[in-house]
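Got the viewer open? Let's walk through this one together, one selection at a time.

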Amino acid sequence: PGACAFMITASALYSATDGAPQPVALPPALQAAELLGLFVDGDSVWLVGTLAGQGLLARYQPQTAAWSYRAGLRGGALRAAWGPGDGSLWLAGDSGSVLYLPNGS
């Protein structure tokens, strides 16, 4: 009870706490994005995907409903994100691209 779960479809983020999944509103700039991967780390939900043919990384903080994102990352679509819990992220994408972000930004 009280646990929160997140899931994505190609164009939406959903959260659920003790009930059916509810959509999380995406900022207008992300509504055209294709969402391909999700990683939850502490107080952040990280989404990866593609926007206008370029890589996309978005961060959602559920406690404040705050969004931040970076689009236009080279190498095509980003497909997976993972971090060891220290704020850093590893991203994997098309054509074997691998990115390391030491502070998640």
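Among contacts between residues at least 6 apart in sequence, what percentage join residues at least 24 apart? In this protein the figure is 27%. Keep in mind throughout that you are looking at a predicted model.

**Whole chain.** Start with a cartoon view. You'll see ten strands and zero helices, so to speak a β-β-β-β-β-β-β-β-β-β pattern when read along the sequence. Switch to C-alpha atoms and line up the principal axes: the box they fill is roughly 40 × 30 × 20 Å. The radius of gyration is 13 Å, which agrees with the value near 13 Å for a compact globule because the chain has 105 residues.

**Surface.** Now turn on the accessible surface, which comes to about 5700 Å². Carbon and sulfur atoms own 55% of that area. Then colour by charge: there are 4 positive and 6 negative charges, and their mean positions sit 13 Å apart. If you colour by burial instead, 38% of the 105 residues come up as buried.

**The largest nonpolar core.** Next, select Leu13, Leu35, Val45, Leu47, Leu56 and Tyr60. These have the most contacts inside the largest nonpolar core, which has 13 residues. Add strands S5 (44–51) and S6 (54–61) to the selection, since each supplies at least two residues of this core. Apart from this core lies another one, of ten residues; Val48, Leu57, Leu89 and Leu91 are among them.

**Zoom on Leu47.** Which residues does Leu47 touch, not counting those up to four places away in sequence? Show Ile8, Leu13, Leu35, Gly37 and Leu38, then add Leu56, Leu57, Ala58 and Trp67. Leu57 in that list is also one of the residues of the ten-residue core.

**Last stop, Asp43.** Move to the loop between strand S4 (34–41) and S5, where you'll find Asp43. Is Asp43 buried or partly exposed? Its relative accessible area is 39%, and buried means under 20% while exposed means over 50%, so Asp43 counts as partly exposed. Now pick the C-alpha atoms of Asp43 and Gln61: they are separated by 6.0 Å, although the two residues are 18 apart along the chain. Leaving aside residues up to four places away in sequence, Asp43 touches Arg59, Tyr60, Gln61, Pro62 and Gln63. Tyr60 should look familiar, being one of the residues with the most contacts inside the largest nonpolar core.

Technical notes:
Residues numbered from 1 in each chain as written. Predicted model: local features only at pLDDT ≥ 70, side-chain atom pairs only at ≥ 80, totals over all residues. Heavy atoms only, no water. Helix = DSSP H or I, 4+ residues; strand = E, 2+ residues; numbered from the N terminus. Rg over C-alpha atoms; globule rule 2.2 N^0.38 Å. Buried < 20%, exposed > 50% of the residue type's maximum accessible area, 1.4 Å probe, protein only. Contact = heavy atoms within 4.5 Å. Areas by Shrake-Rupley, 256 points an atom, 1.4 Å probe, with all protein chains shown as cover. Lys, Arg positive; Asp, Glu negative; His and termini not counted. Charge placed at Lys NZ, Arg CZ, Asp CG, Glu CD. Core = buried A, V, L, I, M, F, W, Y, C linked by side-chain atoms within 4.5 Å.
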